[in-house]
Amino acid sequence: MATTIITPLSQDSPILTSALYSLKARTDKTKILVEIVRDPDGEIDKLFSTTLYPHNGVVELSDIGSLIEERFRIKGRLWDMMEIRFDGVSVEFTALYCEYELDPDFDHTQCFLCAAGHSIVHRNSAISLAHWDNGSTEYRVQVVGLDASGNTAMLETIFNRRAASNHVSFSVNEIIRFALNQSDVETGDVLASVSYFAISHGPMQKIFYLLEHPFFLTFGFRNMFNAYEYVDVVGIVNRKTKVDRETAVCSGRAMQYNQTVERTYEMQTGPLTDEQIREVEQLISSRDIQLCASGYDYNVLITDHSIEVDNDDESLSSIKFTFRFVGERPLLISSDMGALMPSRTHIFSHEFTAEFA
């Protein structure tokens with residue numbers, strides 16, 4: 001009896017790594033070689049190899065999804081062709097990176113591979129959208145706002161983007177300038193202000209609400225699809241600096257040595273919608289996080305967090321987390337940390353607030 005695979009995998013559509021747990025094969029041999037290969041027709045990247053010993057003529061390879069995810073993270077891949085070999089008998093399939101268990105009806109061709117279907121953005125925000133390639137380079141942008149008379153108005157245009165590493169990038173300021181007729185693309189002076197906009201690519205769509213907050217932090221991170229995206233987090237930052245040192249007395253004089261400085265930032269978000277909670281949750285659980293400030297991306301680690309949400313209709317949930325930069329030395333961003341900790345002298349910009357005017 002030759003070796004045969006008992007549980008064949010679907011080759012019609014990509015398989016989520018979160019749904020790829022085990023694969024069984026039947027054999028009459030006392031032991032067989034099992035291998036997992038990424039991109040068998042290209043790099044031939046062998047990521048796993050072991051010998052299995054059958055029980056009652058059956059061998060089982062378990063936790064396949066975790067093995068594939070680890071290699072995808074190293075390679076920065078969202079999906080790729082995979083081959084699993086059992087003693088010369090193989091099965092090929094496309095694996096789509098996904099750390100979460102999704103609804104059985106999830107269709108990777110109908111949505112962007114992002115943490116949520118809605119996001120809040122600001123004028124200087126960046127947008128990164130990953131998606132399954134459908135061959136088109138056209139992205140429809142629909143902008144909704146108010147015209148000069150204060151009435152709701154809408155306009156749209158087509159942006160041409162060629163996906164790089166399975167994602168496309170947009171500048172919020174670029175979209176605003178187009179909507180307000182401040183770019184080279186003529187819009188007809190339809191809008192006087194922008195409220196929100198939607199980016200569509202075939203059946204895929206994501207909505208972005210444009211807000212103005214005096215303070216927010218922008219983080220870049222790898223989401224549950226291993227796709228890179230940005231999230232603006234509005235809230236209050238509490239900076240904590242801890243200095244540790246030891247003291248020794250030599251010839252009657254005290255000296256300090258082994259000094260270390262640890263600086264952390266505690267972020268208490270403002271009220272969050274369900275969509276924002278999904279984004280911040282995936283930010284906190286991400287293995288690759290950057291703080292985007294002063295024109296640079298700084299690698300950070302989230303060291304502590306508190307995620308507690310409820311279904312109380314009378315309140316909105318908030319999340320608290322603590323992060324630090326990866327280096328041992330404290331990091332000073334330009335403008336004396338102005339991008340991270342605004343000066344207290346900027347809290348009040350008018351003599352009286354509107355309610356007391």
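Student: Which residue follows α1, and what is the sign of its phi?

Tutor: Gly76 follows α1, and its phi is positive, near 70 degrees. Helices here are DSSP runs of H or I with at least four residues, and strands are runs of E with at least two, numbered from the N terminus. Before we go on, note that this is a predicted model, where local features need pLDDT of at least 70 and side-chain atom pairs count only at pLDDT 80 or more, while totals for chains, interfaces and linings use all residues. Residues are numbered from 1 along each chain as its sequence is written, and side-chain values use heavy atoms, with hydrogens and water left out.

Student: What span should helix α1 have, and how far apart are its end C-alpha atoms?

Tutor: The expected span of a helix is 1.5 Å times one less than its number of residues. For the 12 residues of α1 (residues 64–75) that gives 16 Å, and the end C-alpha atoms are 17 Å apart, which agrees.

Student: Which residues of α1 are buried?

Tutor: An α-helix has 3.6 residues a turn, so residues three or four places apart point the same way. Buried means under 20% relative accessible area, exposed over 50%, and partly exposed in between, using a 1.4 Å probe and protein chains only. In α1, the buried residues are Ile64, Gly65, Ile68, Glu69, Arg71 and Phe72. Their cover includes β3 (23–26), β4, β5 (45–52), β6 (58–61), β7 and β8.

Student: Arg71 carries a charge-bearing side chain in my notes; which network of salt bridges is Arg71 linked in?

Tutor: Side chains of opposite charge can pair when their charged atoms come close. A salt bridge here is a side-chain nitrogen of Lys or Arg within 4 Å of a carboxyl oxygen of Asp or Glu. Arg71 belongs to a network with Arg38, Glu43, Asp45, Lys75, Arg77 and Asp80.

Student: How many salt bridges does this rule give?

Tutor: The count comes to 19. One of them joins Glu35 and Arg85, with the closest N and O atoms 3.5 Å apart. This pair links distant parts of the chain, strand β4 (residues 32–38) and strand β7 (residues 79–86), 50 residues apart. Glu35 is buried at 11% relative accessible area, whereas Arg85 is partly exposed at 24%.

Student: Where do Arg287 and Glu99 lie?

Tutor: They form a salt bridge, the closest N and O atoms being 2.6 Å apart. Arg287 lies in the loop between α3 (274–285) and β19 (289–293), and Glu99 in the loop between β8 (89–96) and β9 (118–121), so the pair ties together parts 188 residues apart in sequence. Arg287 is exposed at 58%, while Glu99 is partly exposed at 30%.

Technical notes
Contact = heavy atoms within 4.5 Å.
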